[in-house]
Amino acid sequence: MTTVARVIAEDSGDLTALPKVELHSHLDCCLSHDAVRRIDPGVTRERYEALFAGPPRCASLADFLKYTLNYRAMLQTERALRIAVQDVFAQMAADGVVYAELRFAPLVHLGDGLSADRVVECVAEETARQSEATGIDAGLILCTLRDHDAGQSLATARLVERHSRTGPVVALDIAGDEIAHPLDPHLPAFDLVREAGLGVTVHAGEAGGPESVREALDRTGTRRIGHGVRSAEDPALLDRLRNEGVHLEVCPASNVQTAVVPAPEAHPVDRLRRAGVRLGISTDTRGVTNVRLTQEYERLRDLFGWTPADFHAVNRDALAAAFAADPVRRRVGRALD
Ligand code: HPA
Ligand code: ZN
């Protein structure tokens, strides 16, 4: 890697401008206080901190997910959804992101008479506009949720299929509480999207153990796992991930906040990487977790000694796993090198 940004990073220790690929970011969990105030001017800093920025440590994933509901309530109009897109692009630009995949669940933003198609269209339009304005290439992943029923998951899968023809929609994901709700009702949705040749990724191995990662791989055919960090508990699974080239979308700060790992220094990301597992680094929920991608990189440098060369390698892995068309992949590859 020979970019000016890498030279600056090596000389000054400043990782801000290092070009980054971020595959796992929930559009609906990133609103800054300024963006919330554009939507509802009455939300004070104190209220924002109480309702939107989660505590440093939640009791569980389920507890953490309660904060996401406050963002959801804010994002029920076309204007609010566009503000969310503008806000996350500004945050990503400040982090040196060159390629991003943003995800959201269209079926929980149907306030104000919006149809699911219109929700996806307006997010897609604003994403294309912000991509153009910032130079950050981006794809959209539509999420179904663990507490959706089979019909809602199929409807989300059909949205992926329809909107992939015209816009930046690239894949289906499933988010939500992986402990409380099994994958079974959602499998036909994943079959539909996979058989259409589109991308799939699955939140697993976060609150759920290694068996949840195996289940996702075996039953949805995914080659990408959101989090997957609990795979580190199972050496046979690590062999499988390495041999099959499965990519983990690792979000270290979120895993501490959801109590999946006890402390930043106990995070298995370094062990996973040393075991040869392919992975990239993301923020998951910039607002709920009160984190920036550059901060995630700084922690990895300070705790595990990661160098700009290590960051280049994980960004290359993330680009290889991205649901991006070849021209985008080549352009982003040049930005990384
Ligand atoms: N897991 C499951 N659902 C989510 C998450 C997560 O980390 N973040 C936002 N929705
Ligand atoms: Zn997530």
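This passage describes the zinc site, the salt bridges and one helix pair of a predicted model.

The zinc ion (ligand 2) is coordinated by four side chains, namely His 24, His 26 and His 203 through NE2 and Asp 284 through OD. The coordination distances run from 2.1 to 2.2 Å. Along the chain, the donors of the zinc ion (ligand 2) follow the spacing H-x1-H-x176-H-x80-D. Two of the ligating residues, His 26 and Asp 284, come from separate elements: His 26 is part of strand β1 (residues 20-26), whereas Asp 284 sits in the loop between β9 (278-281) and α13 (293-304), so the pair ties together parts that are 258 residues apart in sequence. His 26 is buried, its relative accessible area being 9%. Asp 284 is likewise buried, at 2% relative accessibility. The angles among the 4 donor atoms of the zinc ion (ligand 2) span 85 to 169 degrees, and the site is classed as irregular. The tetrahedral class requires all angles to lie between 85 and 135 degrees, so the upper value of 169 degrees excludes the site from that class.

The model contains 33 salt bridges. One of these pairs Glu 125 with Arg 82, with 2.6 Å between the closest N and O atoms. This salt bridge links distant parts of the chain, since Glu 125 belongs to helix α6 (residues 116-134) and Arg 82 to helix α5 (residues 78-94), and the two residues are 43 positions apart. Their surroundings can be described by accessibility: Glu 125 is partly exposed, with a relative accessible area of 35%, whereas Arg 82 is buried, with a value of 13%. For Arg 82, the assignment follows because buried means under 20% relative accessible area.

Other salt bridges lie within a single helix. In helix α9 (residues 210-220), Arg 219 and Glu 215 are 4 residues apart and thus separated by about one helical turn. These two residues form a salt bridge in which the closest N and O atoms are 3.7 Å apart. Both partners count as partly exposed, Arg 219 at 35% relative accessibility and Glu 215 at 24%. In helix α10 (residues 235-244), Asp 239 and Arg 242 are 3 residues apart, about one turn of the helix. The salt bridge between Asp 239 and Arg 242 has its closest N and O atoms 2.6 Å apart. Asp 239 is partly exposed at 36% relative accessibility, and Arg 242 is partly exposed at 36%. Elsewhere, salt bridges with shared partners join Glu 78, Arg 82, Arg 118, Glu 121, Glu 125, Glu 126 and Arg 129 into one network.

The packing of helices α5 and α6 was also examined. The axes of α5 and α6 are 9 Å apart and meet at an angle of about 30 degrees. Angles under 35 degrees count as roughly parallel, and α5 and α6 are therefore roughly parallel to each other. The crossing of α5 past α6 is right-handed. The salt bridge between Glu 125 in α6 and Arg 82 in α5 joins this helix pair.

A further residue considered is Asp 337, located in the segment after α15 (326-336). Asp 337 counts as partly exposed, at 34% relative accessibility. Between Asp 337 and Ile 39 the separation is 298 residues in sequence and 39 Å in space, taken from C-alpha to C-alpha.

Terms used. Residues numbered from 1 in each chain as written. Chains lettered and ligands numbered in written order. Predicted model: local features only at pLDDT ≥ 70, side-chain atom pairs only at ≥ 80, totals over all residues. Heavy atoms only, no water. Donors = N, O, S within 2.8 Å, 3.2 Å for Na, K, Ca; no water. Tetrahedral: all angles 85-135°; square planar, octahedral: opposite > 155°, others 65-115°. Buried < 20%, exposed > 50% of the residue type's maximum accessible area, 1.4 Å probe, protein only. Salt bridge = Lys/Arg side-chain N within 4 Å of Asp/Glu carboxyl O. Axes fitted to C-alpha atoms, helices over the stretch in contact; angles between N-to-C directions. Parallel < 35°, antiparallel > 145°, perpendicular 65-115°, else oblique. Left-handed = near helix turned anticlockwise from the far one by under 90°.
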